[in-house]
4 protein chains.
Amino acid sequence: MTYYDFKVRVRYGETDRMGVSYYANYLVWFESARTEYFRALGFVYSEFEQQGILLPVAEAHCRYFAPSTYDDLLTVRTSVAQMRQSSIRFEYQVFKEKNEKPIVTGYTVHVFSNSNLKPIRIPEPLRSKVELASLDL
Amino acid sequence: MTYYDFKVRVRYGETDRMGVSYYANYLVWFESARTEYFRALGFVYSEFEQQGILLPVAEAHCRYFAPSTYDDLLTVRTSVAQMRQSSIRFEYQVFKEKNEKPIVTGYTVHVFSNSNLKPIRIPEPLRSKVELASLDL
Amino acid sequence: MTYYDFKVRVRYGETDRMGVSYYANYLVWFESARTEYFRALGFVYSEFEQQGILLPVAEAHCRYFAPSTYDDLLTVRTSVAQMRQSSIRFEYQVFKEKNEKPIVTGYTVHVFSNSNLKPIRIPEPLRSKVELASLDL
Amino acid sequence: MTYYDFKVRVRYGETDRMGVSYYANYLVWFESARTEYFRALGFVYSEFEQQGILLPVAEAHCRYFAPSTYDDLLTVRTSVAQMRQSSIRFEYQVFKEKNEKPIVTGYTVHVFSNSNLKPIRIPEPLRSKVELASLDL
């Protein structure tokens, strides 16, 4: 699996009075996409947490090319572009239905951490299952 | 102190494409108002939590009479209308600047709880400081 | 159709530091559930808006019996319990998977309005398609 | 004025079950900070909108060095680092009280647009009032 396509429908309250999806929501949808990327690989993120493994964010970036709005069914294409000892970099492309170019692209970098938020090595079963792929943002 | 007036400015992302404040945000502002009500009485809610005292919500209600929108500076008038053994009922009136009638009214009921979310008695210093007052919603 | 079951997965950012879903989010999920209730009846709410028909909220109420948390897959059972000339009352029950009792119940009242937020009659095709049903909250 | 210091208190619902402020909220606070930056210069952003001038976002970036949590009173230092014909680049540093190093830094790029979201020249009175300053992120 080089990427996972997560679908999300824009909620009314996620729009603003400009009539479009509020910009911070893309980070929220990226996070749901990460959860589903892990699940598709066979990992449940909440079980990491039960083992004391956290995944705080170190960096986030978005580029906005076109708007979305209420009731749009978006696809968030998600890949892992890089893994270092502790850190993992996700890339995202957001598509509107039947649209060819992404309306938003972005990436986030996270650090696998223990419950004191100290970096730890990426858990082995995860590392070996992830197939690195860049979305060429 | 029979009530506390908390001021909050409506954020852009708190509006929706109807051009008005999204309805769920009033519950968010009520919560900030509770924090400031406690602080005005001399209690810091986060210190309750450090002592293992939580205040989950049991009930919430809002009545919406008129809209607010981006950049409005709202006043959330907050009182405690009732205390039982474990539970506390807050009442709220939301005013726009210079406006006489509330645009939104509401109440929330909370249960003082330990860290297992089991009800506990309302802490004595708080109980004796609160001056009960209904806002006649 | 007496009710519609909308499924929603709790997002990480929808939890708070008490470890549970933040209380205002239930109103957000209720709204997604209304959108899907309408769609299941054959109506797309965004098309109402294109016709200048809005559905602002007049009242909202929630009762919280048990918490939910990150990654829970919730079912929001949604019915229309009452329609008057302009107003419509939705009722909601929120269930956790395989759970028999609702963890949260609620209702919202909305007023069909024109673009100046003045009440209008409930559109006929909608009125005749809705099958009234109370969830006995 | 080379920068403006906007203060914001972290709300309970802005934390997540990791116990810290959810990462997308920094973008929300950046936006409030922009509003107050403009106001400090003598411009009310909602009046731009009344004149048909919008300011959609083209790019957003955050770097997270340390967490914040409920009830923290944050300072969002905000400057304009660059203006081109249509676009404006804001930079941000987020400080906790009495803390010397920023816990989060970021920037956003926006495009002055008409109501059809087509780029327009930055309004002259604004351009001449802004004093460019980089926060050296």
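**Exercise 1. The contact between chains C and D**

Determine how many residues of chain C are in contact with how many residues of chain D, and how the residues on the chain C side divide by character.

*Solution.* In this predicted model, 10 residues of chain C are in contact with 10 residues of chain D, where contact requires that the C-beta atoms, placed from the backbone, lie within 7 Å. Sorting the residues on the side of chain C that touches chain D then gives four nonpolar, four polar and two charged.

**Exercise 2. The relation between chains A and D**

Find which rotation superposes chain A on chain D, and state which residue of chain A comes closest to the rotation axis.

*Solution.* Begin with the superposition: chain A is brought onto chain D by a rotation of 180 degrees, with 0.0 Å of shift along its axis and an RMSD of 0.0 Å. The two copies are therefore related as by a two-fold rotation axis. Next, locate the axis with respect to the chain: among the residues of chain A, His61(A) comes closest, its C-alpha lying at 2.2 Å from the axis. Finally, compare the contact residues of the two copies, and the same surface is found to serve both, since 100% of the contact residues of chain A recur in chain D.

**Exercise 3. Strand pairing in chain D**

Trace the pairing of strands 3 and 4 of chain D, continue to strand 5 of chain D, and identify what joins strand 3 to strand 4.

*Solution.* Strand 3 (residues 73–83) and strand 4 (residues 87–95) of chain D pair in the antiparallel sense over eight bridges, and a hairpin joins these strands of chain D through three residues. Strand 4 of chain D is also joined by eight bridges to strand 5 (residues 104–111) of chain D, again antiparallel. One residue lets the path be followed across: Phe90(D), in strand 4, is the bridge partner of Val80(D), while in strand 5 the bridge partner of Phe90(D) is Thr108(D).

**Exercise 4. The sheet of chains B and C**

Establish the strand order of the open sheet of 10 strands, name its edge strands, and describe how helix 1 of chain B lies across strands of that chain.

*Solution.* The order is 1(B)-3(B)-4(B)-5(B)-2(B)-2(C)-5(C)-4(C)-3(C)-1(C), with antiparallel pairing. At the edges are strand 1 (4–9) of chain B and strand 1 (4–9) of chain C, each pairing on one side only, and the twist from one strand to the next averages 20 degrees. At the chain B edge, six bridges join strand 1 to strand 3 (residues 73–83) of chain B, and Lys7(B) has Thr75(B) as its bridge partner in strand 3. Helix 1 (residues 25–41) of chain B lies across strands 1, 2, 3, 4 and 5 of chain B, running at about 135 degrees to strand 1 of chain B.

Note on methods:
Residues numbered from 1 in each chain as written. Chains lettered and ligands numbered in written order. Predicted model: local features only at pLDDT ≥ 70, side-chain atom pairs only at ≥ 80, totals over all residues. Least-squares fit on C-alpha atoms with pLDDT ≥ 70 in both. Pairing = 2+ DSSP bridges. Helix = DSSP H or I, 4+ residues; strand = E, 2+ residues; numbered from the N terminus. Nonpolar A, V, L, I, M, F, W, Y, C, P; charged D, E, K, R; others polar. Axes fitted to C-alpha atoms, helices over the stretch in contact; angles between N-to-C directions.
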